[in-house]
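Q: Could you pick out one part of this model and walk me through it closely? Start from the outside, please, and work your way in.

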Amino acid sequence: MTPSIRPEAEDKELQDKLRPMTLSLRNCFWLYLASCCLIVFSVLFLDRPISTWMHLNVDASDIFKPLSQMPLLFETLTALIILGCIKPKFRQQYANFALALTFTVITATMVRLAAKFIFGRTWPETWIHTTAGSNPSWIHNGVESFHPFAIGPAYNSFPSGHALFTFALVSVFWWRFPKLYWLWLLAMIGAIAGQLGQNYHFLGDLIAGATLGILCAQFSIALSKKRLKHKR
């Protein structure tokens, strides 16, 4: 006779299925490879026409601008959770979560700065105006190019820092609260829609940022688990 599965075992199995961070290394490899191919395809064939179309046809700042600030919401929640660990009772329940968020913020910051410096891509629109001039852009100057290791904010479009931080932090929230996956998916989609709708970034920038964000979250979650296990 086959033993029945306890309800708590079924609940744990369901949560594991809802956690995107539980994918095997093999599946992660293929997903990241597919993402890299999609980024290259977007840079070569989609970024310029989508940016042009957005500039000519979309004027919905009231809708997209709040969505473009999605990282600020999750950065605030992250700060509250980390500060909440001052209380022993809260720390006992959410220490692993807070540690994963801390590692994610640190990792995402380092990756964002390094990647932007390495790729040095120009922006879709001209946002930066200084006494030395304005940043070259696809819409205003017909310029869309990569300038590896270029210094200055005019070459910081790739990858999207907003997408990177949103996907990194939201992935950790998804890992900790997998049953709310629909909310985390909406936050991710909203961040992409907000940045694309405002023409702040090329589509390829956003896909790259999302990919790096998820990678940062996976690394940080694994690191936090190892750290707490070693501490015990």
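**From a surface patch to a salt-bridge network**

A: Leu180 sits in the loop between helix 7 and helix 8 (181–197), where helices (H or I) are DSSP runs of at least four residues, strands (E) are runs of at least two, and both are numbered from the N terminus. Before going further: this is a predicted model, so local features need pLDDT of at least 70 and side-chain atom pairs count only at pLDDT 80 or more, while totals for chains, interfaces and linings use all residues. Residues are numbered from 1 along each chain as its sequence is written, and side-chain values use heavy atoms, with hydrogens and water left out.

Back to Leu180: its relative accessibility is 34%, which makes it partly exposed. The cut-offs are under 20% relative accessible area for buried and over 50% for exposed, with partly exposed in between (1.4 Å probe, protein chains only). Leu180 has company at the surface, as Leu180, Tyr181, Trp182, Leu183, Leu185, Leu186 and Ile189 make up a nonpolar patch of about 650 Å². Patch members need over 30% relative accessible area and no salt bridge; nonpolar side chains (Val, Leu, Ile, Met, Phe, Trp, Tyr) are joined within 5 Å, and like charges within 9 Å. Areas come from the Shrake-Rupley method with a 1.4 Å probe, and for residues only the protein chains shown count as cover. For scale, the accessible surface of the protein comes to about 13,600 Å², and 69% of that belongs to carbon and sulfur atoms.

Now for the inside. Buried residues account for 40% of the 232 residues, and the place I'd zoom in on is around Arg121. Arg121 is buried, at 0% relative accessibility. The structure holds 4 salt bridges, counted when a side-chain nitrogen of Lys or Arg is within 4 Å of a carboxyl oxygen of Asp or Glu. In general, side chains of opposite charge can pair when their charged atoms come close.

Let's take the partners of Arg121 in turn. Asp47 and Arg121 meet through their side chains at 2.9 Å, N to O. Asp47 belongs to helix 2 (residues 25–57) and Arg121 to the loop between helix 5 and strand 1 (129–130), so this pair ties together parts 74 residues apart in sequence. Asp47 is buried, as is Arg121.

Glu144 is another salt-bridge partner of Arg121, with the closest N and O atoms 2.8 Å apart. That pair connects distant parts of the chain, 23 residues apart: Arg121 in its loop between helix 5 and strand 1, and Glu144 in the loop between helix 6 and helix 7. At 16% relative accessibility, Glu144 counts as buried.

Then there's Asp205, whose closest approach to Arg121 in a salt bridge is 2.7 Å between N and O. Since Asp205 lies in helix 9 and Arg121 in the loop between helix 5 and strand 1, this salt bridge ties together parts that are 84 residues apart. Asp205 is buried too, with a relative accessible area of 0%. Put together, Asp47, Arg48, Arg121, Glu144 and Asp205 are linked in a network of salt bridges.

Asp205 also leads to Ser157: their side chains make a polar contact at 2.5 Å. A polar contact is a pair of N or O atoms within 3.5 Å; within protein, one must be able to donate a hydrogen and the other to accept it, and residues adjacent in sequence count only if both atoms are side-chain atoms. Ser157 is in the loop between helix 6 (138–141) and helix 7 (161–176), and is buried at 0% relative accessible area. Leaving aside neighbours within four places in sequence, Ser157 is in contact (heavy atoms within 4.5 Å) with Lys116, Arg121, Thr122, Trp123, Pro124, His201, Phe202 and Asp205.

That loop between helix 6 and helix 7 has backbone quirks worth checking. The peptide bond from Phe158 to Pro159 is cis, with omega near -5°, and Pro159 lies in this loop. Phe149, also placed in the loop between helix 6 and helix 7, has a positive phi of about 65° although it is not a glycine. Phe149 is exposed, with a relative accessible area of 52%. Asn199 likewise is a non-glycine with a positive phi, about 60°; it sits in the loop between helix 8 and helix 9 (203–231) and is buried at 3%.
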